[in-house]
Each structure stands twice: as structure tokens, then as C-alpha cells.
Amino acid sequence: MSGEQVLSVENVSVSFPGNDGPLCVVKQVSFGLNAGECLVIAGESGSGKSMICRTLLGIVPDQAKVAGTRIDWLGRDLLTLESKDWRAIRGAEIAMIFQDPTAALNPLITVEHQISDTIRDHRRCTRSEARARTIEVLGMAGFPDAEHRMKSYPAELSGGLRQRVAIALALSCSPKLIIADEATTNLDVSIQAQIVKLLKDLQRDLDLALIFVTHDLGLAAEIGDKLMVMYAGHSVETGKVRDVLDDPCHPYTRGLLRSAP
Ligand code: ADP
Ligand code: MG
């Protein structure tokens, strides 16, 4: 339901083993997210944005150590979740869209089958029900002429259409949270604007929670309700997008705003 908190991240850190002791790349980060709300995570390359996203899906690299007080996802603590329980959450409740849509797509499988197989992995349904849902989510993602073009392989599609397929795949199991990690960074500006609008519309229409990672503060203002700025693993400030952009507290954010185009 709109406004209800779905996610609460409390003091989460991620570290890797280093020669001189553990190297902490996410440092005691905390934030919350409500249904129907978009949190933008901004910050320079290497500041820990992707590692936070990966932590929320339980897909950090093997060597990474995640610690913290709690990651509350609808009443469950993701920090202590057993691997068998991730299956019900990853993809089904929390879905991720990556910078490179091919990261989520198998080049050897048609669009139709990638999505319908994912649906059938998560839900008990017939082939024709899965096909109907595939057409539905492709339509929701603005993939044109879905019924025919879903027979394409990923390589036969433009980058923008591949990202729409990745969004359809993310929507296929009706997640409550979508994490878009630089999902529009590689796209042409006009396509980028379409995908941002699509995500914004989906967020509103489906009451989705959205985490949108970008280093573009212009996009943050367009899509975000809240903005968290990351710097060297720290969350240096979090607040309503307009408040942070109009009156940043941290020198790093001020610098980022000065250097924004
Ligand atoms: P961002 O998404 O903000 O660009 P990341 O979350 O990908 O940054 O990375 C945060 C930090 O973690 C970076 O300094 C990166 O070098 C480090 N890092 C990422 N993956 C590994 C790894 N497998 N081993 C060691 N350090 C890593
Ligand atoms: Mg990243």
C-alpha cells in the first residue's frame, strides 16, 4: 500500500579482504523506502552504489562480507536470510535492472521464452497463461508489437528495446521493488528519457518502490522522491530530492552540484 514502509536498511557495511585488513566499500549505510516511492542513489564511480543494490538482492561477490543491524524487507531480515529463502524474494519480490540489459538476458533464448520461463519458474501456471503474461508485461514495458517481436533473440533488438525486455522481465513476477542500477546510462539521451518516464509511470501505476541509481543529478530531480548521496562508501546525505538539491549539507554534494551540467 502506498506510503507504507517496505524496506529499512540499518547500518549496513560491505567489506572485502585486503592486504592491510578488510577494505570497507559500504560504510554503515542506512535508509528507508516506502511503497510507491523512488529513492535515487547518486555518487561517483566506486562509491558503493552497486554494492548496496547487490546486497539487497543477496548477490554480492563471494569474498564480500556484509554486516549490519538489519535489512528489513516486509518484516523479514535479509541479512540473516538463508540461501533457500532468497528464491522467493529475488526476482519475485525484488527485481533488478542492470546498466547492460544483456546481463539479465540469455543471448540464446528468445524474448518470449526468457520471460515465460521466468514466470513458470516462480508461479504455477500453464504455458498459455505464461505466454499471455509475457505479452502483458512486454506491453507494460512499451515493447512494440509484442506478440510478434517477442520471437526475436536479444541480439536482434536495439539497446533501447533490450532494456524494455529487461524491464518486462523485471515486471514479470509482479515485484514490489525494482532496483535500476544505472539502467539508462548506456542509452541515447532520447531513449533514456523514454525509459525514465516508463519507470516513473510504472512506479505510480503499480505502486512500486523504485531504487534508481545514477550519477546524473538532473535525472535524480526528474524521477526521485528521495535522494541519497554516496561518497567513498558513506551515505553523506539523504533527504527529499528538492531539499538536497536546493540546500545540500555536505561539501561533496555541493561540489557535485557545481560540476553538474
Ligand atoms: P559504484 O557502483 O558506486 O560505481 P561499486 O559498488 O561497484 O561502486 O564498488 C564499490 C567499491 O567496491 C569500489 O571501490 C570497487 O573497486 C570495490 N569492489 C567491487 N567489487 C569488488 C571485488 N570483487 N573485490 C574487491 N573490491 C571490489
Ligand atoms: Mg555501479
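Helix axes that meet at angles under 35 degrees count as roughly parallel, those over 145 as roughly antiparallel, those at 65 to 115 as roughly perpendicular, and the rest as oblique. The structure described here is a predicted model. Helix α3 was examined against two partners, α6 and α4.

The axes of α3 and α6 (residues 159–171) cross at roughly 20°. They come within 9 Å. The two helices are therefore roughly parallel to each other. The crossing of α3 past α6 is right-handed. On the α3 side, the contact is made by Val111, Gln114, Ile115 and Thr118. On the α6 side, Val165, Ala168 and Leu169 take part. Five residues of this contact are nonpolar and two are polar. No charged residue belongs to the contact of α3 with α6.

The second partner is α4. Helix α3 spans residues 111–122, and α4 spans residues 127–140. They pack at an angle of about 120°, and their axes are 9 Å apart. That angle makes α3 oblique to α4. Here too a handedness was assigned: α3 passes α4 in a right-handed crossing. Helix α3 contributes Glu112, Ile115, Ser116, Ile119 and Arg120 to the contact. Helix α4 contributes Ala130, Arg131, Arg133, Thr134 and Val137. By class, the contact of α3 with α4 holds four nonpolar, two polar and four charged residues. Ile115 of α3 is named in the contact with α4 and also in the contact with α6.

The surroundings of ligand 1 were then listed. Its shell includes Phe16 and Val25. A run of residues follows in the list: Gly43, Ser45, Gly46, Ser47, Gly48, Lys49, Ser50 and Met51. Pro61 and Gln63 complete the shell. Helix α1, residues 49–57, gives the most to this shell, with three residues. Lys49, Ser50 and Met51 of the shell fall in the range of α1. By class, the shell around ligand 1 has four nonpolar residues, seven polar residues and one charged residue. The charged one is Lys49.

Confidence scores accompany the model. The protein chain has a mean pLDDT of 94. A pLDDT of 70 or more is reached by 99% of its residues. The model scores ipTM 0.98. Its pTM is 0.95.

Terms used:
Residues are numbered from 1 along each chain as its sequence is written. Chains are lettered from A and ligands numbered from 1 in the order in which they are written. This is a predicted model: local features need pLDDT of at least 70, side-chain atom pairs count only at pLDDT 80 or more; totals for chains, interfaces and linings use all residues. Axes are lines fitted to C-alpha atoms, for helices over the stretch in contact, and angles run from 0 to 180 degrees between N-to-C directions. Helices (H or I, at least four residues) and strands (E, at least two) are DSSP runs, numbered from the N terminus. A crossing is left-handed if the near helix is turned anticlockwise from the far one by less than a right angle, and right-handed if clockwise. Two residues are in contact if their C-beta atoms, placed from the backbone, lie within 7 Å. pLDDT is the predictor's confidence in each residue, from 0 to 100. A residue is near a molecule or strand if its C-beta atom, placed from the backbone, lies within 6 Å of it.
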